[in-house]
Structures are given as C-alpha cells and as structure tokens.
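Colleague: I should like to go through the salt bridges of this model and the grounds on which each is assigned.

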Amino acid sequence: MEKKVLTPSLWFGLQAPFASAKLPLCTQAVAGHHHTQNTSLTPKIQCWTDIIYTDGSVMKTKDDSLVGSGIYEPNKEGDHSSPQLQLYIKPNGHGSTNTINRSKLAGILVELQQGHTDITTDSAYCLSQIYRQILNPMRMRTHLHAEFIHATSTIVEQSPRQTNSLKVKTHSDVIGNEGADACAQAAALMDTTYISLPDAKDPLNNPFWLSRKDRPSNPPEGTPIYDS
C-alpha cells in the first residue's frame, strides 16, 4: 500500500500570496485578494474565495487562558458580510495543553473531519508537526498534542483523495484568514460551541515522562543514560 503524504506547503510571500516553502517543487502563486507581479508563477489557486481557512486564538485572563478555534469559508460571490461557512470550536485543552498550537491544530483537524482536503493555516509549526507524524510517527509519541496530530495524520493517510497544505501569512489582511481568526476569538469567549473536541489527555501521565520523572538526577557512575 502506497503511503500518502501531504503535498508541499504553499506560503504567503511578499510578492506572491502563496509562494514556495521548504520544498522547492512548489513555485505556484494564488491569484485573488493579493496580486503577484511575478508573471513566471503559474496560479495554483485562482481565487482566495476557493479556500477554507482555519485559525486559533488564545485570550489571557487573570485566572486562565480562553482558547478557541475557528473555520471560515468565504462567500463565493465576494460578499464578506455573509460567509459561506463559519465554525466555532472548543479545543478543550487544560493546563499545559491549553495553548495556541492546540487551538490551531484543532481547526485543522475539524476541517479534515468535515471532508475538506485543503489544510489552510497560518501556523508553519502545526504543518511541520503533521509532516513529522506522517514521516516519523515514533518521534511524536510524547508530543504535548499527540492525540490531535495523530488523528490528523490518520485522516490524511486514509483519505482516498490527495490532501494539500497551504501556509497563509498571518495578520496580513487576508480576508479569509482574518475571518477564521474572528471565529476563533468568538469561540474562545463562548461557554459552549457547536463543535467541542475531547478533553486533552494529561501529558504527565504519559509513560515516557513518568519514566523520566523517576530517573535519578545524578545516577551512579557507570549507569547508562538514554537521551530522549
């Protein structure tokens, strides 16, 4: 069985809205809200309204952090006041797992669960962690958000269709990305949302970290030391 991988990420650049990333095969641009002056780039996505955007948000409070995720699909007719789709998501992290990365991973996961095949996010870190899970799953067992990353990669690998990843430049007035950010902020302030993901597992209960905790800080001379 052939192993599926994500297509290389396309990045929002200074001239091209989606320019090449770490993998040099992607040199396409996207025509739409921003226009490129480089005519040597072939548009990969003709219009920014064809993309479904995801984002996450963390709002610091005196006692805790409010975290939410959002998905935004622009109106195909260009009417920004009535988007095609808006989803509000509770990532349900707790303590050390209540992070911005969890919120962005939650948006990506729900987007794929909804049947979409394009991962659109402004987080290069989240995309890199999904790549790592697909290529080196054993290295991700102790990741703080392992359950989200594993669930995402499982959908990608089992999907009959190719999954594409798109990296959007953050806070650059890309309407779709700003819409997803607004959804995420609204979700963070809501008590309940239509989509609520399972509560985060306590990372300190992971056998790996428990074994590290029990290991003496100054082992006797001659004791083998295994780095993580």
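Modeller: Glu147 and Arg102 form a salt bridge, their closest N and O atoms lying 3.1 Å apart. The pair joins distant parts of the chain, 45 residues apart: Glu147 belongs to helix α3 (residues 146-158) and Arg102 to helix α1. The model is predicted, so local features need pLDDT of at least 70 and side-chain atom pairs count only at pLDDT 80 or more, while totals for chains, interfaces and linings use all residues. Residues are numbered from 1 along each chain as its sequence is written, and side-chain values use heavy atoms, leaving out hydrogens and water.

Colleague: Why is the contact of Glu147 with Arg102 called a salt bridge?

Modeller: The term requires a side-chain nitrogen of Lys or Arg within 4 Å of a carboxyl oxygen of Asp or Glu. The N and O atoms of this pair are 3.1 Å apart, so the criterion is met.

Colleague: What makes Arg102 buried, and Glu147 partly exposed?

Modeller: Buried means under 20% relative accessible area, exposed over 50%, and partly exposed in between (1.4 Å probe, protein chains only). Arg102 has 1% and is therefore buried; Glu147 has 23% and is therefore partly exposed.

Colleague: How many salt bridges does this rule give?

Modeller: The count is three. Lys104 forms one with Asp55 (2.6 Å, N to O) and one with Asp122 at 2.7 Å, so that Asp55, Lys104 and Asp122 are linked in a network.

Colleague: How do you know that Lys104 and Asp55 are buried?

Modeller: Lys104 has a relative accessibility of 12% and Asp55 one of 2%, so both count as buried.

Notes:
Helix = DSSP H or I, 4+ residues; strand = E, 2+ residues; numbered from the N terminus.
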